[in-house]
Amino acid sequence: MSDLLYHYIKQYVDFSEDEFKRFSESFNKVQFQKNDFALKEGNYCLFEGFVTSGCFKVYYLNEKGMEQTLYFAVEGWWITDIDSMINRVPSILNIQALENSEVLMVLKENKEHLYKTIPWVEKLFRIMNQRSSVALQRRILSLTGKTADRRYLEFLEKYPGLEQKITQQQVASYLGITHEFLSKIRKKMSLQK
């Protein structure tokens, strides 16, 4: 199915070619055009998706109706609303393509079937959940304990080249600042070079 998915999984678990074939057959390839939604607030999330090309923003609207971006999902990243999927509640998240994108999606019931039929799948998703928890913890610590300048530098390290593909407003939303303040940070950093 996807060499990218194969190599991603190979980092964490060992498997046979036959097992990978059975695993990958549970995924559907889905194409998204720029601005299409993989998930909209209020809907139930019934999938996990592995991004094979393109880019998504995962965000919610705060009480003022402003976008707050949790993360960007680029090639090799996963998209989902884990709260909605696990707890069967309407999503508060939106997952939107920022460019034409392709995702390998596995439905929750297919994932549950994989747990029962392929022994390493549960280990794989446990490792992925642990890595996701670490990333979430780091994101919270960054938002609550670091300056906007430092968060911007971390954004550039975490998402190399992404700033050229997205708007300044989207970067600011991820950093938790206004785009005007981001402009000041960028100007200050350019003067320091």
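In the predicted model, helix α2 (residues 17–24) packs against helix α5 (residues 119–145) at an angle of about 65 degrees, and the axes of the two helices lie 11 Å apart. Angles of 65 to 115 degrees count as roughly perpendicular, and α2 and α5 are therefore described as roughly perpendicular to each other. The crossing of α2 and α5 is right-handed.

The contact between these helices can be described residue by residue. On the side of α2, Glu19, Phe20 and Phe23 take part, and they meet Trp120, Val121, Leu124 and Phe125 of α5. By residue class, the contact of α2 with α5 comprises six nonpolar residues, one charged residue and no polar residue.

Several of these residues also belong to an aromatic cluster. The cluster is formed by Tyr6, Tyr8, Tyr12, Phe15, Phe20, Phe23, Phe27, Phe50, Trp78, Tyr115, Trp120 and Phe125. Among its members, Phe20 and Phe23 are contributed by α2, whereas Trp120 and Phe125 are contributed by α5.

Ring pairing was examined next. The count of aromatic pairs comes to 23. In one of them, the ring centres of Trp78 and Phe125 are 5.9 Å apart and the ring planes stand at 70 degrees, so the pair is classed as edge-to-face. This pair links distant parts of the chain, since Trp78 lies in strand β6 (residues 78–79) and Phe125 in helix α5, with their positions 47 residues apart in the numbering. Both partners are buried: Trp78 has a relative accessible area of 13%, and Phe125 has a relative accessibility of 1%. Each assignment follows because buried means under 20% relative accessible area.

Phe125 also pairs with Tyr115. The centres of these two rings are 6.1 Å apart and their planes are at 85 degrees, so this pair is likewise edge-to-face, planes over 60 degrees apart being placed in that class. Here too, distant parts of the chain are linked: Tyr115 is located in helix α4 (residues 108–117) and Phe125 in helix α5, 10 residues apart.

A further relation within the chain concerns Ile82, which lies in helix α3 (residues 82–87). At 40% relative accessibility, Ile82 counts as partly exposed, because this class lies between the limits of 20% and 50%. Ile82 and Asn129 are separated by 47 residues in sequence, while their C-alpha atoms are 9.7 Å apart in space.

Technical notes
Residues are numbered from 1 along each chain as its sequence is written. This is a predicted model: local features need pLDDT of at least 70, side-chain atom pairs count only at pLDDT 80 or more; totals for chains, interfaces and linings use all residues. Side-chain values use heavy atoms; hydrogens and water are left out. Axes are lines fitted to C-alpha atoms, for helices over the stretch in contact, and angles run from 0 to 180 degrees between N-to-C directions. Helices (H or I, at least four residues) and strands (E, at least two) are DSSP runs, numbered from the N terminus. Angles under 35 degrees count as roughly parallel, over 145 as roughly antiparallel, 65 to 115 as roughly perpendicular and the rest as oblique. A crossing is left-handed if the near helix is turned anticlockwise from the far one by less than a right angle, and right-handed if clockwise. Contact means heavy atoms within 4.5 Å. Ala, Val, Leu, Ile, Met, Phe, Trp, Tyr, Cys and Pro count as nonpolar, Asp, Glu, Lys and Arg as charged, and the others, Gly among them, as polar. Rings of Phe, Tyr and Trp (its six-membered ring) pair if their centres lie within 6.5 Å; planes under 30 degrees apart count as stacked, over 60 as edge-to-face and the rest as tilted. Buried means under 20% relative accessible area, exposed over 50%, partly exposed in between (1.4 Å probe, protein chains only).
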